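Okay, thanks everyone, I'll keep this short. I'd like to walk you through one model and spend most of the time on its charged side chains. Here it is on the screen.

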Amino acid sequence: MFRKELSYYFSTPIAYIVIGLFLLAVSLFLWVIPGQWNIIESGYAQVDGLFQISPWLLMLVCPALTMRLFAEERQSGTWLLLRAQPIPLWKIVVGKYMAAFILIIIALLPCIVHYFIVFYMAEPMGNIDSGQFVGSFMGLVFLSASFTGIGLLCSTLTRSQLVAFILGAVSCFILYWATLQEHYSSISRGVVDLRDVVFFLSVAIIAVVVSILIMNRAEQR
C-alpha cells in the first residue's frame, strides 16, 4: 500500500505541483520578497525565516497531499475494490499515511540548500548556528508528521476532496495556534526535548488510530 500510494503521487502532477509551489514560495520569501524573513535584508547569517514561514505553508501543503487519500477512493468507488483485497484496514491507513508523510519529507529536504548558501555567504564562512538549524529542521519534520495525520483524518470524514482540504487546513491552523506552536518553538531553539517529540508523535498516532476507527465504522453501516 505504501509503494502504491507513493508511486501514485509521482505518476500524477499533484506531487510535482504542490512540492514545486512550496519550494518556490520558501525561496521567494527568503531571497526575493522584502520583509522580516528576507535573509539578505536581515544582514545576519541565519535561516530563521525558513522555519517561521514553513509551518504556515505546511498547513496548506499537508492537507493538499492528503485530501485525496480516502475522499477520492470513496467518491470514485475504488475503495470497495481496495477493501476486497486481503489487506487489513489498519495496513491500508498506515500505508497511506506513510506515503504522504515521506512525500512531505521529500519536499522539505531541498530546503537544506538554503543553509549551505548562507554557510558559504557568511563572514567568516561557516559562521552560522548549525545546531539550531538541525533542531529547527527536526521540528519541521515532527510538525509535518502531526499535520499529515490531521489531513489524513479529515480525508476520512468526507467524500469531497475540497472539503477535506478545507477541513485539514483549518484544523492544522487551529491546532498549531493552540498547542503545536509552543512545542515547535521549543525544538526550534536547538534543544530537542523528548516531551515535544512525544507530543508531535502522539498527535500523529491518535489521528491515524481515529482514522482507522472512522473507516471501520463506515464499513459496518
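Let's start with Arg 68, which counts as buried because its relative accessibility is just 4%, and the cut-off for buried is under 20%. Before I go on, keep in mind that this is a predicted model.

So who does Arg 68 pair with? One partner is Glu 5: their side chains meet in a salt bridge, with N to O at 3.1 Å. That pair ties together distant parts of the chain, since Glu 5 sits in helix H1, residues 2–11, and Arg 68 in helix H5, residues 68–76, with the two positions 63 residues apart. And is Glu 5 buried or exposed? Glu 5 is buried, and so is Arg 68.

Arg 68 has another salt bridge, this one with Glu 72, where the closest N and O atoms are 3.0 Å apart. This one is local: both residues belong to helix H5 and are four residues apart, about one turn of the helix. Glu 72 comes out at a relative accessible area of 23%, so we call it partly exposed.

Now, over to another pair. Asp 193 and Arg 195 form a salt bridge, and their closest N and O atoms are 2.8 Å apart. Asp 193 is partly exposed at 22% relative accessibility, while Arg 195 is exposed at 64%. Back to the Arg 68 group for a second: salt bridges with shared partners join Lys 4, Glu 5, Arg 68, Glu 72, Glu 73 and Lys 96 into one network. Searching the whole structure turns up six salt bridges.

Okay, zooming out to the fold. How many helices and strands does the protein chain have? Eleven helices and zero strands. The radius of gyration is 19 Å, close to the 17 Å that the globule rule gives for 221 residues, so the protein chain is as compact as a globular protein of that length. Its C-alpha atoms fill a box of roughly 65 × 35 × 25 Å along the principal axes.

A few whole-chain numbers to finish. Of the 221 residues, 46% count as buried. Take the contacts with a separation of 6 or more: 78% of them come from residues 24 or more positions apart. The accessible surface is about 11100 Å², and carbon and sulfur atoms make up 69% of that. Last one, on charge: there are 12 positive and 11 negative charges, and their mean positions lie 19 Å apart.

That's it from me, happy to discuss.

Conventions:
Residues are numbered from 1 along each chain as its sequence is written. This is a predicted model: local features need pLDDT of at least 70, side-chain atom pairs count only at pLDDT 80 or more; totals for chains, interfaces and linings use all residues. Side-chain values use heavy atoms; hydrogens and water are left out. A salt bridge is a side-chain nitrogen of Lys or Arg within 4 Å of a carboxyl oxygen of Asp or Glu. Buried means under 20% relative accessible area, exposed over 50%, partly exposed in between (1.4 Å probe, protein chains only). The radius of gyration is taken over C-alpha atoms; the globule rule is 2.2 Å times the number of residues to the power 0.38. Contact means heavy atoms within 4.5 Å. Accessible areas come from the Shrake-Rupley method with a 1.4 Å probe; for residues, only the protein chains shown count as cover. Lys and Arg count as positive and Asp and Glu as negative; His and the chain ends are not counted. The place of a charge is taken as NZ of Lys, CZ of Arg, CG of Asp or CD of Glu.
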